[in-house]
Amino acid sequence: MSPVYRYFRNIGKGFWTILIGMRITMKHLFTPAVTIQYPDARMSIPERGRNRLYVNMDDCIGCNQCGMACPVDCISIETAKSLPTEDLGVTSTGQKKRLWVTKFDIDFAKCCYCGLCVPPCPTECIYMTDVYEFSEYDRSNLNYSFITLSPEEVTSKVEQAKAAEREAAAKKAAAAAAAAAQRAAQAQAPAAPAGQDQAPTSPVQQKPAEPPRPAPTGTPETKPSAPQTTPAPAPENPTPDKPDTQDKTNPKDSSD
Ligand code: SF4
Ligand code: SF4
């Protein structure tokens with residue numbers, strides 16, 4: 001192959017390659033665009049997309065089911081028992097609220113958006129939203145708090161719950177002490193009649209003294225001994241003696 005022929009053949013291949021590339025470019029030049037002008041325009045989010053969580057505290061009962069289901073422990077919940085006189089209302093699903101939720105934090109810096117915290121919720125108050133733009137320069141700003149109580153209310157609820165717990169513990173201890181004292185008194189009561197024979201002083205002590213009385217009347221032990229003794233000698237002595245005596249008398253009679 002001569003060098004002149006190779007030169008012109010390479011020029012022809014270059015033009016052909018340009019034409020192929022321009023054909024693809026011309027093809028997309030007249031098709032509709034698929035890009036959007038974000039953030040002025042946004043794509044729609046899938047219905048079951050997993051984005052930022054939200055908690056409706058009006059329906060939260062503080063059961064911590066969501067926190068236990070979280071695989072990365074990014075949900076922190078603290079509660080305080082309400083007083084019996086307090087009415088916290090009911091959730092939209094009809095469940096009575098008994099706990100003050102004093103802390104409900106979700107650290108979205110740890111959250112992996114797995115959605116495992118959503119199904120266990122008995123009141124369906126924690127769910128995914130369509131919010132996916134919440135980037136922060138400071139990571140601590142990704143720790144979201146959902147409680148509706150003010151810091152003062154949280155402090156007062158926690159303190160009143162602790163006071164109620166202390167009061168209940170004191171009542172329980174007093175009841176336990178009273179029960180122990182009652183048991184001790186009951187334990188001492190039966191010991192007195194056993195150690196003291198001064199039974200006549202108290203009616204309780206006379207009762208244990210009664211059992212010996214029926215013992216003699218309950219003749220089952222004496223009765224069997226009596227019939228054993230009476231019939232045993234009776235059949236042996238009279239029968240052999242009588243015939244002996246009769247035999248002895250008979251000879252007398254016979255001698256007579
Ligand atoms: S989506 Fe997953 S990682 Fe995030 S809070 Fe719920 S359970 Fe935890
Ligand atoms: S599972 Fe639901 S009701 Fe229970 S603590 Fe979590 S958000 Fe509240």
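The chain has 8 helices and 5 strands, where helices (H or I, at least four residues) and strands (E, at least two) are DSSP runs numbered from the N terminus. Going along the sequence, the pattern reads α-β-α-β-β-β-β-α-α-α-α-α-α. Keep in mind that this is a predicted model: local features need pLDDT of at least 70, side-chain atom pairs count only at pLDDT 80 or more, and totals for chains, interfaces and linings use all residues. As for labels, residues are numbered from 1 along each chain as its sequence is written, while chains are lettered from A and ligands numbered from 1 in the order in which they are written.

Let's start with the chain as a whole. Of its 256 residues, 7% count as buried. Here a residue is buried if 20 or more other C-beta atoms lie within 10 Å of its own, exposed if 12 or fewer, and partly exposed in between, with C-beta atoms placed from the backbone. Then there are the contacts, meaning pairs of residues whose C-beta atoms, placed from the backbone, lie within 7 Å. Among those with a separation of 6 or more, 73% are between residues 24 or more positions apart.

At the N-terminal end, look at helix H1, which covers residues 3–29. From first C-alpha to last, H1 reaches 39 Å, close to the 39 Å expected for its 27 residues; the expected span is 1.5 Å times one less than the number of residues. H1 is hardly covered, with a count of buried residues of 0. After H1, in the loop that leads to S1, sits Pro39. Tyr38 and Pro39 are joined by a cis peptide bond, with omega at about 5 degrees.

Next comes the sheet. It is open, with 3 strands in the order S2-S3-S5 and antiparallel pairing; two strands pair if DSSP finds at least two bridges between them. The edges are S2 (75–81) and S5 (143–145), each of which pairs on one side only. Neighbouring strands are turned by 15 degrees against each other on average, direction ignored, with axes taken as lines fitted to C-alpha atoms (for helices, over the stretch in contact) and angles running from 0 to 180 degrees between N-to-C directions.

You can follow the pairing residue by residue. S2 and S3 (residues 99–107) run antiparallel and are joined by 7 bridges. Ile77 stands opposite Phe104 in S3, and Thr79 faces Val101 of S3. On to the other edge: 3 bridges join S3 to S5, again antiparallel. One pair to look for there is Asp107 with its bridge partner Asn143 in S5.

Now for the ligands. A residue counts as near one if its C-beta atom, placed from the backbone, lies within 6 Å of it. Around ligand 1 there are 14 residues, and the closest are Cys70, Cys111, Cys114, Leu116 and Cys117. By class, the shell has 13 nonpolar, 1 polar and no charged residues. In this scheme Ala, Val, Leu, Ile, Met, Phe, Trp, Tyr, Cys and Pro count as nonpolar, Asp, Glu, Lys and Arg as charged, and the others, Gly among them, as polar. Ligand 2 has 15 residues around it, with Cys60, Cys63, Gln65, Cys66 and Cys121 coming nearest. Its shell divides into 11 nonpolar, 4 polar and no charged residues.

Cys63 deserves a second look. You'll find Cys63 in the loop between S1 (53–55) and H2 (65–69). Cys63 and Cys121 are 58 residues apart along the chain, yet their C-alpha atoms are separated by 8.4 Å. Cys63 is partly exposed, because 17 other C-beta atoms lie within 10 Å.

The backbone has a couple of quirks too. Most residues other than glycine have a negative phi, and most peptide bonds are trans. Asn64, though not a glycine, has a positive phi of about 65 degrees. Asn64 lies in the loop between S1 and H2 and is partly exposed, with 18 other C-beta atoms within 10 Å. Tyr113 also has a positive phi, of about 60 degrees. Tyr113 belongs to the loop between S3 and S4 (126–128), and with 13 other C-beta atoms within 10 Å, Tyr113 is partly exposed.

Key: Two residues are in contact if their C-beta atoms, placed from the backbone, lie within 7 Å.
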